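Dear colleague,

Please find below the sequence and structure that I am handing over to you. My findings follow directly after them.

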Amino acid sequence: MGHNAPDEGYLDGQMLIAMPVMGDPRFERSVIYLCAHSSEGAMGIIVNHPAGSIDFPQLLMQLDIIKSADQIKLPDHGEPMQVLKGGPVDTGRGFVLHSSDFFIQDATLRIDDDICLTATVDILKAIAKGSGPRHAILALGYAGWAPGQLENEIQHNGWLHCPADPDLVFGAAVEEKYPRALRKIGIDPGMLSNEAGHA
């Protein structure tokens, strides 16, 4: 069997926070919500990298979910739906992380009490019609790890982790998520210089 690290249980439903020395530009300063983590590997969504050039109505039109922007009833209370770069795998697919008030039988994966993942167009249609979940972010692509790979990266100090809270996942201030996640585990972001070792 070989020597295994003590089993700390799996981290699904937790946030991964990239260490400044991460070294992989795709994951630099990223905060990832881990949707699945088991002996078969791990899958997560980066929640703090905006997709940039595309907004939600454009995406709905591009995916042919609706024909024109005036058919979108975005919630009045609402912050506009954020479109994020969810990770380097399967970037043509949309993955919606959302509050658990919305559920599609056989399509929605409940990750913990507050947060679910749905990756079918039905949820996008529901959101466009105004009948979607109260909180949601849409990520293009996801981050994936082979069996044991994430544990290995954590051991080599690539990642820190902390409990998820809905604000870290759904909060509108995307650029605040990284420093807030660090503070949540008691690290002052100012102390972590990207220049580590370049003195």
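A salt bridge, as the term is used here, is a side-chain nitrogen of Lys or Arg within 4 Å of a carboxyl oxygen of Asp or Glu. The model is a predicted one, and it holds 4 salt bridges. Side chains of opposite charge can pair when their charged atoms come close.

Salt bridges

Lysine 184 and aspartate 165 form one of these bridges through their side chains, with an N to O distance of 2.8 Å. The pair links distant parts of the chain, 19 residues apart: lysine 184 belongs to helix α5 (residues 177-184), while aspartate 165 sits in the loop between β9 (159-163) and α4 (166-170). Are the two partners buried or exposed? Lysine 184 has a relative accessible area of 37% and is therefore partly exposed. Aspartate 165 counts as buried because its relative accessibility is 18%, and the cut-off for buried is under 20%.

Helix α5 takes part in another salt bridge, in which the side chains of aspartate 167 and arginine 180 meet at 3.3 Å, N to O. Here too distant parts of the chain are linked, since aspartate 167 lies in helix α4 and arginine 180 in helix α5, 13 residues apart. Aspartate 167 is partly exposed, at 44% relative accessibility; arginine 180 is also partly exposed, at 29%.

A further salt bridge joins the side chains of aspartate 24 and arginine 26, at 3.0 Å from N to O. Arginine 26 has a relative accessibility of 48%, so it counts as partly exposed.

Strand pairing

Which strands does β5 pair with? Strand β5 (residues 89-99) runs antiparallel to strand β8 (residues 136-145), and 6 bridges join the two. Within this pairing, histidine 98 stands opposite alanine 136 in β8. Strand β5 is also joined to strand β7 (residues 115-118) by 4 bridges, again in an antiparallel arrangement. In that case leucine 97 stands opposite leucine 117 in β7.

Helix α2 and its surroundings

In helix α2 (residues 121-129), the buried residues are Ile123, Leu124, Ala126, Ile127 and Ala128. What covers these buried residues of α2? The elements that do so include α1 (56-62), together with β5, β7 and β8. Glycine 130 follows α2 and has a positive phi, near 90°.

Helix α1 contains leucine 60, which is buried, with a relative accessible area of 0%. Leucine 60 and valine 121 are 61 residues apart in sequence, and their C-alpha atoms are 9.4 Å apart in space.

Nonpolar cores

The largest nonpolar core has 24 residues, of which Met15, Tyr33, Cys35, Val47, Leu97 and Val169 touch the most other members. At least two residues of this core come from each of β1 (14-18), β2 (31-38), β3 (41-46), β5, β7, β8, α4 and α5. There is also a second, separate core of 20 residues, which includes Ile54, Phe56, Ile65 and Val83.

Several elements thus recur in this account. Helices α4 and α5 carry the partners aspartate 167 and arginine 180, and each supplies at least two residues of the largest core. Strand β5 pairs with β8 and with β7, and these three strands are among the elements that cover the buried residues of α2.

With kind regards

How values were computed. Residues are numbered from 1 along each chain as its sequence is written. This is a predicted model: local features need pLDDT of at least 70, side-chain atom pairs count only at pLDDT 80 or more; totals for chains, interfaces and linings use all residues. Side-chain values use heavy atoms; hydrogens and water are left out. Buried means under 20% relative accessible area, exposed over 50%, partly exposed in between (1.4 Å probe, protein chains only). Two strands pair if DSSP finds at least two bridges between them. Contact means heavy atoms within 4.5 Å. A nonpolar core is a set of buried Ala, Val, Leu, Ile, Met, Phe, Trp, Tyr and Cys residues joined through side-chain atoms within 4.5 Å.
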